[in-house]
Amino acid sequence: MRRYNKKLRSIILFLVGALLVLFINFKIVENNLKPTILAMAEAKARQIATRTINDAINTRVVTNVEYTDLVYVHKDNRGRVVMMQPNTIKINKIASETTLEVQRSLQALKEEGFYIPLGQVLGSQLLASYGPEIHVRIVPIGTVQTEVVDEFAQAGINQTRHMLYLKVKSMVRIVVPLVSADVQVVSTVPIAETIILGVVSLRNYS
C-alpha cells in the first residue's frame with residue numbers, strides 16, 4: 001500500500017510538472033505571437049475601415065457633386081479668373097453628411113469583425129490558410145473628424161489643376177482575445193476637380 005501511494009505521488013508530481021512546463025511554453029508562445037497578431041489585425045482593420053469610409057463617401061455623400069457646386073469662379077471681361085470663392089454652405093453640408101455616414105458605417109463593423117488563421121500568424125506559407133481562426137472585432141471609438149482640403153497642381157503652360165478632397169480621420173479599437181489596441185484611420189477621398197488658367201489660391205473650406 002505504501003509502495004502504491006509512493007508511485008501515485010510520483011505520477012501526480014510528474015503530471016503537475018508536465019502541466020507546468022506546458023503552461024510556461026504556452027505563455028512564451030503567446031507572448032511571442034501577440035505582437036504579430038496585433039500587427040496583422042491592425043493592418044487588416046485599417047484596410048477594412050478605410051474601404052468602409054471610402055464607400056460611405058462615394059456611394060452616399062458625393063454621388064452628384066460637381067466642382068461648380070463647391071466653388072464660385074469669378075472672371076474678368078477677358079475671361080481670366082480673378083477670384084475663386086468657396087460655397088461655404090454646401091461644403092459644410094457635405095462635411096456634416098460625411099461625418100454622419102462614416103460614423104454609421106463604422107458602427108456597423110462591430111457586428112462583423114474578421115478572422116486571422118493561426119497558420120498565417122506563424123508565418124508559414126504552406127499553413128497560411130489553416131489552423132484555428134483568431135476572431136478580431138473592430139470597435140469605433142471617439143468621433144469622426146471631417147474636413148475639406150484642396151490642392152493645386154501644374155497641368156500645363158499657364159494651367160493649374162484644382163482638386164478638392166474630403167479628409168476623414170477616425171479611431172477604431174481592434175479587440176483580439178486578451179488584448180486590444182487603438183488604430184487611427186485617415187482617408188483622403190477626391191470629390192471634385194477642374195482646370196483653371198493661372199494660379200489662384202483657395203483655402204479654408206472646413
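## Exercises on strands, core and salt bridges

K75 stands opposite V81 in β2. The model used throughout is predicted.

**Exercise 1. Find how many bridges join β1 to β2, and which residue of their hairpin takes a positive phi.**

Solution.
- Start from the pair K75 and V81, the latter in β2.
- Strand β1 covers residues 71-75. It is joined to β2 by 5 bridges, and the two strands run antiparallel.
- Now look at the turn. The hairpin of β1 and β2 has 5 residues between the strands.
- G79 is the residue to mark: its phi is positive, near 80°.

**Exercise 2. Describe how β4 pairs with β3 and with β5.**

Solution.
- Take β3 and β4. They run antiparallel and are joined by 4 bridges.
- A pair to locate here is I116 with its bridge partner I134 in β4.
- Move on to β4 and β5. They pair in the antiparallel sense, over 16 bridges.
- At G156, look across to Q159 in β5.
- The hairpin of β4 and β5 has 2 residues between the strands. In it, N158 takes a positive phi near 60°.

**Exercise 3. State which elements supply the largest nonpolar core, and which one gives the most.**

Solution.
- Begin with the core itself. The largest nonpolar core has 42 residues. I57, V62, L70, V102 and F114 have the most contacts inside it.
- Next, list the suppliers. The helices α1 (2-60), α2 (67-70) and α3 (88-108) each supply at least two residues. So do the strands β2 (81-86), β3 (114-117), β4 (133-156), β5 (159-176) and β6 (179-197).
- Pick out the top contributor: α1 gives the most, with 9 residues.
- Zoom in on V62. Leaving aside neighbours within four places in sequence, V62 is in contact with I57, I94, L166 and I191.
- Set this against a general tendency. In soluble globular proteins, nonpolar side chains tend to be buried together.

**Exercise 4. Explain how far apart in sequence the partners R46 and E42 lie, and do the same for R161 and E193.**

Solution.
- Take R46 and E42. They form a salt bridge, with the closest N and O atoms 3.5 Å apart.
- Both belong to helix α1. They are 4 residues apart, which means a separation of about one helical turn.
- Check exposure. R46 has a relative accessible area of 32%, so R46 is partly exposed. E42 has 30% and is partly exposed too.
- Turn to R161 and E193. Their salt bridge has its closest N and O atoms 3.1 Å apart.
- R161 lies in strand β5 and E193 in strand β6, so this pair ties together parts that are 32 residues apart in sequence.
- R161 counts as partly exposed, at 28% relative accessibility. E193 also counts as partly exposed, at 47%.

**Exercise 5. Decide whether R173 and D182 are buried, partly exposed or exposed, and name the residues of the salt-bridge network.**

Solution.
- First, the total: the structure holds 5 salt bridges.
- R173 bridges to D182, with the closest N and O atoms 2.7 Å apart.
- Apply the cut-offs. Buried means under 20% relative accessible area, and exposed means over 50%.
- R173 has 32% relative accessibility, so R173 counts as partly exposed.
- D182 has 40%, so D182 counts as partly exposed.
- Finish with the network. R60, E101 and R104 are linked in it by salt bridges.

How values were computed: Residues numbered from 1 in each chain as written. Predicted model: local features only at pLDDT ≥ 70, side-chain atom pairs only at ≥ 80, totals over all residues. Heavy atoms only, no water. Core = buried A, V, L, I, M, F, W, Y, C linked by side-chain atoms within 4.5 Å. Buried < 20%, exposed > 50% of the residue type's maximum accessible area, 1.4 Å probe, protein only. Contact = heavy atoms within 4.5 Å. Salt bridge = Lys/Arg side-chain N within 4 Å of Asp/Glu carboxyl O. Pairing = 2+ DSSP bridges.
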